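Here are my notes for you to read beside the model. Keep the structure open and follow the points in order.

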Amino acid sequence: MRFKHVLHLLGVFFLIAITAQVLHAQPSPKREVRGVWIATVGNIDWPTLATGTNVDKQKKELVHILDEHKRSGMNTILFQIRPAADAFYGRGREAWSRYLTGKQGKAPEPFYDPLDFIIEECHKRGMELHAWINPYRASTTLNPNHFSEDHITKKKPDWFFTYAGKKLFNPGIPEVRQYIIDVIMDVVNNYDIDGVHFDDYFYPYPDSRNTAIPDRVTYGQYPNNIANIEDWRRNNVDVLIRDLGIAIKAKKPYVKYGVSPFGIWDNKNGANGGSDTRGLSGYRTLFADGVKWVQEGWIDYINPQIYFPFHNRAAAYEILVEWWQHHTYGRHFYIGHGAYRVNEQKPGWTDRSQIPRQIRYLREQPNVQGSIFFSSKSLTDNLAGLQDSLTYNLYQACSLPPTMPWIDSIAPNAPFGLQLHASENGMNNHLVWQKPDRAADDQSAYGYIVYRFEEGEKTDLNNTRKIIHITYNEDDLQYEDNDLGKNKQYYYFVTALDRMKNESEPSNIRSTQKTLDYNHAYTMQ
């Protein structure tokens, strides 16, 4: 009995804590990126070793992961589809990943395409899917049993160098850069992705002995009139970033293109006027000039991995956030959070509210458009209660990805003909509407938002707590509302979204009351 009593008290305390969080929830913006990386390399997040290569279990596990992230307020999934010059998708030129099927080159049995699957599952949950690609890593191992016979490292061995026990594409070879672009364009052409995403792996991080990168011979072959090998390496990466962006936008202008570099571009003691930090320099060590990419307009968003706590001696979170805000040149700036670090017994991280504090801080900044968390399992395992903080407080209300007016600023037309059919038992309301005509830019609706207000409430489109459904499917023209309060009367309207998440004005209004004042005033964002 004593044990049961303790459990009861713990449950009461938990409910009190959650209630307090809800009552003191910080108002959240209608527009902010809330992203999470789902890592497949080494089976970090999916498919876990528990599911093995069983296709049915893989699908169920992935659906569960997406449901968890939807519940905690996420609107963007970054799914690792190419961890090591291999594929989690079928319509491309590279071998199936061993992290999916246990053996590189072996297709799933029974066959399915994980990229098709996750795109569909994300879109029906109102979440974007960004294809996360490692451009230069060709292997995580030198074990010959881990390579298929037709792997690119065997077809083109001269394209690679070995460093720290891995095979890496040599970015200085023009054919290598074109091959990587072709691989990525297979995905852009063949899949309905919302974005292409690179992480921080460009030239390799130094190994324990600070071994020199073995590319001086390549520099001699393709110097491109660049006198310094370090400038030459940066140019090799720049050319890939630039040319891939051109290729993506020529084919599908709406596909977002972003990079998540190391959190420190360069330190202040360098010649470039970097941040007041004393850590590894992405500019000098990885030869990644993220500032140039946004300044030139080659990418749509920059997502530095600021995996540091407040007041860190070498690299303080607040210093890096402030510095990056002044180097985004009209493009989006999202902050990469190290969710995997929240249980570390290190200065800053012993404060279990570290990342919630970081989110509150970034929302007060004038030029930060959201957050992306590494990685999925750290959230779904609720490390340090972080997922609870998102679900019940910080991300309690819905949020849409911010618009990108340099790509598209024209809103779609509003849906029309909204009808409401209440069930006889009063348990659900069925909504049906009509697809709008094409907008001035000839774009049709890409998705829809359903708003629900109680009778007497102000109709405010900025009140995201009133959003009950988001879908990214232009033909999904109905919704069943089963979450009704007893004896409550509601009114509904629907807005349309285009591919870049520009939102239309509302449709006509329908109410559960027999009579309705159609002159409700509404507030657009």
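1. Start with the lining of the largest cavity in this predicted model. That lining divides into four nonpolar, five polar and two charged residues. Ala84, Ala138, Tyr99 and Phe147 are among the lining residues, and these count as nonpolar because Ala, Tyr and Phe belong to that class. Asp86 and Arg98 also line the largest cavity. Asp and Arg count as charged. The lining further includes Gln104, Ser139, Thr140, Thr141 and His146. About 60 Å³ of space lies inside.

2. How many cavities of 30 Å³ or more does a search of the whole structure find? The answer is two. The second largest has a volume of about 50 Å³.

3. Now look at the residues around that second largest cavity. Its lining is made of Val33, Thr76, Leu78, Glu128, His130, Lys256, Tyr301, Tyr334 and Ile372. By class, five are nonpolar, two polar and two charged. Which strands each supply at least two residues of this lining? They are strand E2, residues 76-82, and strand E3, residues 128-133.

4. Move on to an open sheet of three strands. The order is E12-E13-E17, and the pairing is antiparallel. Strand E12 (416-422) and strand E17 (478-481) stand at the edges. Each has a single partner strand, so one side of each is left without a neighbour in the sheet. From one strand to the next, the twist averages 15°.

5. Zoom in on one pair in this sheet. E12 pairs with strand E13, residues 429-434, in the antiparallel sense. Five bridges join the two strands. Which residue of E13 does Phe416 stand opposite? That residue is Gln434.

6. Step back to the whole protein chain. The chain has 14 helices and 20 strands. Its C-alpha trace spans about 80 × 60 × 50 Å along the principal axes.

7. Why does the radius of gyration agree with a compact globule? With 525 residues, such a globule would have a radius near 24 Å, and the protein chain has 25 Å, so the two agree.

8. Finish with burial. Of the 525 residues in the protein chain, 55% are buried. Here, buried means under 20% relative accessible area.

How values were computed
Residues numbered from 1 in each chain as written. Predicted model: local features only at pLDDT ≥ 70, side-chain atom pairs only at ≥ 80, totals over all residues. Heavy atoms only, no water. Pairing = 2+ DSSP bridges. Helix = DSSP H or I, 4+ residues; strand = E, 2+ residues; numbered from the N terminus. Axes fitted to C-alpha atoms, helices over the stretch in contact; angles between N-to-C directions. 1 Å grid on protein atoms, 1.4 Å probe; cavity = no way out; pocket = protein on both sides within 12 Å on 5 of 7 lines; lining within 4 Å. Points joined across faces, edges and corners; volume = space filled by probe spheres on them. Rg over C-alpha atoms; globule rule 2.2 N^0.38 Å. Buried < 20%, exposed > 50% of the residue type's maximum accessible area, 1.4 Å probe, protein only.
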